[in-house]
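Trainee: I am new to this structure and would like a close look at a single part of it, the packing of its helices. Please start with the chain as a whole and then go into the detail.

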Amino acid sequence: MLNQSFNVSDLLRLITFDDYKKYDGFGENRIKTIDTLTEISGKINSDNYIVSSINKILNDSNEIFSLSNVEDDFALRKINDSIKRFYKVKQADRNLIVNQIIILLQEAVPMSIIKLDSKKFYESIDRKWILNKLKDDALLSTRAINILEDFFELSEFSLFTGLPRGIGISATLSELYLRDFDRKVNRLDGVYYYARYVDDIILFTTKNPLEIIEEIKEKELLRTPLLFNDKKNKIF
């Protein structure tokens, strides 16, 4: 069984290079780093711990969030790591997708290319559905789920039911949310290449592209409340 505890050794594995610049106490020496992580671990493991504070900025009409406290960052980072391991979640490689598309474009066969875009991607993902799935699957510890529930109950998220942009775990949870969509679209008759990077979707088809788009909509393959942004959808 995967270790889901918030102990020092597990948190140590999650340190990144940026942490040494972002947080005090990591950069002096290993002893100081261990002391800092011991303090962080103690806060997360305390009975009254909840994610308590978050920053928000506006960027191109999108709200971008970041965690204020180091213990909150590491708590969600550890939960994110557990979810990735349990569900084998891995974000697509953008460079690989580009290279694959270049190769496909060089093939001398009749094709149509469909590029789909979704409206307010992160904000439109149903976080309640995700939490219910995590509970039903019973892979994630009760402690981890409770922290996630408290996190999503923060007042900063009260105006939307989706996932907060800028928080690392949102990318992982969005992949989990769209996993079924990816599988079903990839299996549509006439679709011979499909790829998605976050909310950018591209597929190659030998059929009428309008029929493919209509089939996706009629079968409601995109889980609600996500919607396509028809103004940005393109056919080549």
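Trainee: Among contacts in the chain between residues at least 6 apart in sequence, what percentage join residues at least 24 apart?

Mentor: The share is 70%, counted among contacts between residues at least 6 apart in sequence. The model is a predicted one, and the values below are computed from it. The chain has nine helices and six strands. Taken along the principal axes, its C-alpha atoms fill a box of roughly 65 × 40 × 35 Å. Of the 236 residues in the chain, 46% are buried.

Now to the helices. In general, a pair of packed helices is described by the angle between the two axes and the distance between them. Take helix α4, residues 70-87, and helix α7, residues 142-152: their axes come within 10 Å and cross at roughly 120 degrees. The two helices are therefore oblique to each other. Angles of 65 to 115 degrees would count as roughly perpendicular, and the crossing of α4 and α7 is at roughly 120. The crossing of this pair is left-handed. On the α4 side the contact is made by Leu76, Ile79 and Ile83, and on the α7 side by Ala144, Ile147, Leu148 and Phe151. Sorted by class, the contact of α4 with α7 holds seven nonpolar residues, no polar ones and no charged ones.

Some of these residues turn up again in the core. In soluble globular proteins, nonpolar side chains tend to be buried together. Here the largest nonpolar core has 62 residues, and Ile79, Leu148, Phe151, Phe181 and Ile216 are those with the most contacts inside it. Helix α4 supplies the largest share of this core, eight residues. Phenylalanine 151 can be followed further: beyond its neighbours within four places in sequence, it is in contact with Val51, Ile54, Leu67, Leu76, Phe157, Pro164 and Ile167. Another core, of eight residues, lies apart from the largest one, and Ile97, Ile101, Leu104 and Phe204 are among its members.

Two names from that other core, Leu104 and Phe204, also appear among the contacts of tyrosine 192. Tyrosine 192 is found in strand β4, residues 191-197. With a relative accessible area of 33%, tyrosine 192 is partly exposed. Neighbours within four places in sequence set aside, tyrosine 192 is in contact with Leu104, Val109, Met111, Phe204, Thr205 and Thr206. Threonine 206 is 14 residues from tyrosine 192 along the chain, and their C-alpha atoms are separated by 7.7 Å.

A second helix pair can be set beside the one above. Helix α6, residues 127-137, and helix α8, residues 168-186, have axes that come within 10 Å and cross at roughly 80 degrees. That angle makes α6 roughly perpendicular to α8. Trp129, Ile130, Lys133 and Leu134 of α6 make the contact with Leu173, Leu176 and Tyr177 of α8. The contact of α6 with α8 divides into six nonpolar residues, no polar ones and one charged one.

Helix α8 also holds glutamate 175. Its relative accessibility is 11%, so glutamate 175 counts as buried, the cut-off for buried being under 20%. Residues up to four places away in sequence not counted, glutamate 175 touches Val89, Lys90, Gln91, Arg196 and Val198.

Methods: Residues are numbered from 1 along each chain as its sequence is written. Side-chain values use heavy atoms; hydrogens and water are left out. Axes are lines fitted to C-alpha atoms, for helices over the stretch in contact, and angles run from 0 to 180 degrees between N-to-C directions. Helices (H or I, at least four residues) and strands (E, at least two) are DSSP runs, numbered from the N terminus. Angles under 35 degrees count as roughly parallel, over 145 as roughly antiparallel, 65 to 115 as roughly perpendicular and the rest as oblique. A crossing is left-handed if the near helix is turned anticlockwise from the far one by less than a right angle, and right-handed if clockwise. Contact means heavy atoms within 4.5 Å. Ala, Val, Leu, Ile, Met, Phe, Trp, Tyr, Cys and Pro count as nonpolar, Asp, Glu, Lys and Arg as charged, and the others, Gly among them, as polar. A nonpolar core is a set of buried Ala, Val, Leu, Ile, Met, Phe, Trp, Tyr and Cys residues joined through side-chain atoms within 4.5 Å. Buried means under 20% relative accessible area, exposed over 50%, partly exposed in between (1.4 Å probe, protein chains only).
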